[in-house]
Amino acid sequence: MLRMEQATVRFEAFEMEIIPASKAVAQIGETLILTCNTTGCALPKFSWRAQMDYPLGGKVYNNKTYSTLTMNPVSAESSNTYLCTVLCNKEKKEKNVQVEIYSFPSDPVIETSTSLVVGETATVICKIHDVFPSDHLEILLKKEEHILHRKTFYGDVSTKTETKTVAYSFNLTTEDNGKEITCVARLQIADMDFEPKERLTSLKLNANFGPQNTFINASPGNSSMEGHSLKLTCVTESNPPAQVVWRKHLANETIQHFIENNVLSIPHAHFTDSGQYICEVINPVTNKTEKAAVNIVIQAPPKNTTLTVFPSSSVKEGESVTISCTAAAVPAVQIILEKKIGDVTTTLKTEDGKYTIDKAQPKDAGKYECTFTNKFGSHSLDIELDVKVPPQNITVLVYPSENVKEGENVTITCSTYSNPPSQMILKKVNQDKEIILPAVNGTFTLYNVTKNDTGRYLLDVFNEVGNNIKVIEIAVVGKLEKPNQIMPLIIAFSCVTAIAIPVVAILIYVSRKAKINGSYSLVKALRLKV
């Protein structure tokens, strides 16, 4: 007997699903794909429609057992309920999905006033671009953790993406510099699952201020030794950093300019570096300027010492003379003026380093010395004062007498005091041709006089300061008993400042000359026409 087995055929039931199920959340601008799948149906027929027959706003693609609705890009109008219908033979199934749309694509943008200056009003602006729906938007402006401003847009009706802006103004202070301003944007939509729901952006405040509280720091200090290094630093508070210009006031009231740098270095300080230094700081943004000054003293031994005599170191008797001693150094210099003659030293009383002689006398001539002293050293200068005087205290001696006999010798000597030493000439008056006789070794001698030598003689004693004239009357009478000695007239003169100079050697020389030659006339030899 043939046994037959009956095969059992199992059929799968017709089913459908929609992906994502029930609800889909999409951001405007993105791509959203809705998929309708079937099982248990070889040749399903698909159809898509929006609630209330709105346009689909997308493209449908059918492929055997599934169908897709693609919205690219998603727009605000994409927010709707979408229904997928499937027919399999005569059986029909439907499912829908709710599409919810939002837009929160970027972080907030913070803007500030063009220039944030301390003391002025600063405005911070926060912008949220392309937000939807805006009626669920909340914006916070914070400075550090402190909330400056809060704004919500509840009640706004929006059908498309919008840019929402919040602005806040406040008075900017120095303490605000570097603080963080944060804009927090929150899009809170109930029962809508998306991320992020909060976005934020932070910005550090760059508050422009100053310059202010400017001062100069001197290292090692305001007072330094000559030869040591000196560094001056201009310290100020400024944002942006201030431009620095250094200046120094000079003694002649001019201003010396230095390089633009906040540090001024002097490697080897000199006494002339003393003075007032000024740093001027300028903020190019705030257009404000501030200055600071410091007085620098470079300590040194006496410097720039001078010893001067006015009007000159050589003056005439009776003139006024001022001796001045000056020095420049820190610490202050003690000045001592002394007059030195030989081993005798006299300290003179000065006023501001000056000593005045109202009427100079010969006794005032001599060496004057200024000594400059401070705790770092000592220095001296000296000068010679010369007091010029004209011839004075003149004494004239005629030997043997002003009345002599023919053939005798007459010697005229003179003593005087003067500075510089005097010169002397002897003139005979009332002659057709005036005879001027200079001195020979300081003596005038008339040898073997005759009556022709009788007359008036003028003795002129002079130097560069002045002169003095003495009148001498010579009378020749009678004759000597020895007429055989005939000698020419020789005139010689001597003038000394304090004492008479010996003339013996001159007389012997002239006498021998006369004897050898038979006659000798110094008058002819020295005669000058005036």
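The following paragraphs describe the confidence, overall composition, one sheet and the disulfides of a predicted model.

The mean pLDDT of the protein is 83, and 87% of its residues reach 70 or more. Two stretches have pLDDT under 50 throughout: residues 1-9, for which the model shows zero contacts beyond four places in sequence, and residues 483-530, for which it shows 97 such contacts. Where pLDDT is low, the predicted coordinates should not be read in detail.

The secondary structure consists of two helices and 39 strands. Of the 530 residues, 38% count as buried, and the protein exposes about 30,600 Å², of which carbon and sulfur atoms supply 50%. Among contacts between residues at least 6 apart in sequence, 67% join residues that are at least 24 apart.

One open sheet comprises five strands in the order β32-β38-β37-β34-β35, and its pairing is mixed. Strands β32 (403-406) and β35 (435-438) each have a single partner strand and stand at the edges, so that one side of each is left without a neighbour in the sheet. From one strand to the next, the twist averages 30°. Within this sheet, strands β37 (residues 455-462) and β38 (residues 467-479) run antiparallel and are joined by eight bridges; Arg-456 stands opposite Glu-473 in β38.

A search of the whole structure finds five disulfides, and, with bonded cysteines counted along the chain, these follow the pattern 1-3, 2-4, 5-6, 7-8, 9-10. In one of them, Cys-36 is joined to Cys-84 with an S to S distance of 2.1 Å; the torsion about this S-S bond is about -100°, so the disulfide is left-handed. The pair links distant parts of the chain, with Cys-36 in strand β3 (residues 32-39) and Cys-84 in strand β7 (residues 80-88), 48 residues apart. Cys-36 has a relative accessible area of 0% and is buried, and Cys-84, at 0% relative accessibility, also counts as buried.

A further disulfide joins Cys-41 to Cys-88, with an S to S distance of 2.0 Å, and this link is right-handed, with 105° about the S-S bond. Here Cys-41 lies in the loop between β3 and β4 (45-50), whereas Cys-88 belongs to strand β7, 47 residues away. Cys-41 is buried at a relative accessible area of 8%, as is Cys-88 at 8%.

Cys-325 and Cys-370 also form a disulfide, their sulfur atoms lying 1.5 Å apart. This pair connects strand β26 (residues 321-328), which holds Cys-325, to strand β30 (residues 366-374), which holds Cys-370, across 45 residues; both Cys-325 and Cys-370 are buried.

Methods: Residues numbered from 1 in each chain as written. Predicted model: local features only at pLDDT ≥ 70, side-chain atom pairs only at ≥ 80, totals over all residues. Heavy atoms only, no water. Pairing = 2+ DSSP bridges. Helix = DSSP H or I, 4+ residues; strand = E, 2+ residues; numbered from the N terminus. Axes fitted to C-alpha atoms, helices over the stretch in contact; angles between N-to-C directions. pLDDT = per-residue confidence, 0-100. Contact = heavy atoms within 4.5 Å. Buried < 20%, exposed > 50% of the residue type's maximum accessible area, 1.4 Å probe, protein only. Areas by Shrake-Rupley, 256 points an atom, 1.4 Å probe, with all protein chains shown as cover. Disulfide = S-S within 2.5 Å.
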